[in-house]
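User: Hey, I'm new to this one. Can you walk me through it in plain words?
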Amino acid sequence: MTEGNFVDYIKIHVNSGKGGKGSTHLRREKAVAKGGPDGGDGGRGGHVIIRGDKNYWTLFHLKFKQHVRATHGGDGGKQTSTGHDGEDAIIEVPLGTVVRDSETNEILKEITENGEEFIVAEGGMGGKGNAHFKTSTNQTPRYSQPGIDGQEKSITLELKVLADVGLVGFPNAGKSTLLSVITAAKPKIADYEFTTLKPNLGIVKYRDFKSFVVADIPGIIEGAAEGKGLGYRFLRHIERNSTLLFLVPADADDIKEAYEILVDELRRYNPELLDKSRLIAISKSDMLDEELKAELDEELKTAFNETPYLYISSVAQTGLQELKDKLWESVSLDKTKAEN
Ligand SMILES: Nc1nc2c(ncn2[C@@H]2O[C@H](COP(=O)(O)OP(=O)(O)OP(=O)(O)O)[C@@H](O)[C@H]2O)c(=O)[nH]1
Ligand SMILES: [Mg+2]
């Protein structure tokens, strides 16, 4: 997935179709005197429907779609013929798409399953023809109902990446590098902050054809929850991951503090993020010699007494198998929990 075509946020204006008019036709045939009302009903206006499709991974295909309209219902006719229904307009979206009303920002729906459909703008009902309104006192009603107007709204589609593991770390922590060594993804890597501007996904091929998906998101900095840096916008991508992998580089001034700042940013964004399984990887550990590592380990044992941690180096390729084992353990445990 390259940076350019990863579209995860889009606004669309939608109009459902208006219902067709009911007919006020009166039956007039030579052989039938006073034939009475035979006006048919108008057809329903087309809905605007959002449908989940597992073949899409981004909202890129909707990038240039600013307006989606369903067609109007047909009017009713004589001989109680009903107008045709308007054609529904379908907007296909990847799984994990959240649909909001752009004006109120209210979440209308979250699409999570293939084929799942949600009517975001309902087509107007067709009007009833005069055939419905015949009574004992009014044998020839000369009225019928108009069709109901369609709905018009502006919606926002927002993609939450459905990855199993989300990488959380400050800029430059080595997140993208890790993704590039444990998956086939080729994210941009560089020795400056905010190299990653859009999330990258990669699939870790685990033993026996098992696999799981890792999301590399832009770095988080202190104050991200208030909108500093790039972090805030992308935190939603880790809302649905079952496991969070924190990356703190071995050369950080204070590893424990760095971890705590990250946790605090997540808490401020959405406290539920802290219910997820967590694992800490001390990245770039090739920079530590044995002596330093032993010293550091003494500190970390007490600092991280509850959260499991391990040392990795993407450059020296150490600790990676252990990391994959731990991640798989956590992801599969969460999957079993979710199924039960
Ligand atoms: N020594 C050492 N350097 C590493 C290791 N992993 C990454 N780096 C270096 O750290 C720098 C940042 O790496 P990235 O993978 O781009 O970091 P990131 O966390 O994705 O950074 P942002 O995208 O800016 O948030 C690059 O210069 C990498 O070469 C490692 O295991 N050891
Ligand atoms: Mg990066």
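Analyst: Sure, one term to begin with: a residue is buried under 20% relative accessible area, exposed over 50%, and partly exposed in between (1.4 Å probe, protein chains only). This is a predicted model, where local features need pLDDT of at least 70, side-chain atom pairs count only at pLDDT 80 or more, and totals for chains, interfaces and linings use all residues. Residues are numbered from 1 along each chain as its sequence is written, chains are lettered from A and ligands numbered from 1 in the order in which they are written, and side-chain values use heavy atoms, with hydrogens and water left out.

User: OK, what coordinates the magnesium ion?
Analyst: Ser176 through OG and Thr196 through OG1 coordinate the magnesium ion (ligand 2), at 1.9 to 2.1 Å. The pair links distant parts of the chain, 20 residues apart: serine 176 sits in helix H1 (residues 175-182), and threonine 196 in the loop between H1 and strand E10 (200-206). Helices (H or I, at least four residues) and strands (E, at least two) are DSSP runs, numbered from the N terminus. Donors here are N, O and S atoms within 2.8 Å of the metal (3.2 Å for Na, K and Ca), and water is not among the atoms, so sites may look incomplete.

User: Is serine 176 buried or exposed?
Analyst: Serine 176 counts as buried because its relative accessibility is 8%. Threonine 196 is buried too, also at 8%.

User: Switching topic, how many salt bridges are there?
Analyst: The count comes to 13 salt bridges, each being a side-chain nitrogen of Lys or Arg within 4 Å of a carboxyl oxygen of Asp or Glu. One of them pairs arginine 51 with glutamate 92, with the closest N and O atoms 3.8 Å apart. That pair links distant parts of the chain, arginine 51 in strand E2 (residues 48-52) and glutamate 92 in strand E4 (residues 89-93), 41 residues apart. Arginine 51 is partly exposed at 26%, and glutamate 92 is partly exposed at 26% as well.

User: What about helix H3, which side chains meet in a salt bridge there?
Analyst: Lysine 256 and glutamate 260 do, at 3.3 Å from N to O. Both lie in H3, 4 residues apart, about one turn of the helix. Lysine 256 is partly exposed at 34%, and so is glutamate 260 at 41%.

User: And which residue forms a salt bridge with lysine 301?
Analyst: Glutamate 298, with the closest N and O atoms 3.4 Å apart. These two lie in helix H4, 3 residues apart, about one turn of the helix. Lysine 301 is partly exposed at 47%, whereas glutamate 298 counts as exposed at 53%. Elsewhere, salt bridges that share partners join Asp264, Glu265, Arg267 and Arg268 into one network.

User: Which residues gather in the patch of negative charge?
Analyst: Glu222, Asp251, Asp253, Asp254, Glu257, Asp289, Glu290, Glu291, Glu295 and Glu299 gather there, on the surface. Helix H4 (residues 290-303) gives the most, with 4 residues. Patch members have over 30% relative accessible area and no salt bridge, with like charges joined within 9 Å and nonpolar side chains (Val, Leu, Ile, Met, Phe, Trp, Tyr) within 5 Å.

User: Where's glutamate 257?
Analyst: Glutamate 257 is in helix H3 (residues 255-269), and it's partly exposed at 44% relative accessibility.

How values were computed
Accessible areas come from the Shrake-Rupley method with a 1.4 Å probe; for residues, only the protein chains shown count as cover. Lys and Arg count as positive and Asp and Glu as negative; His and the chain ends are not counted. The place of a charge is taken as NZ of Lys, CZ of Arg, CG of Asp or CD of Glu.
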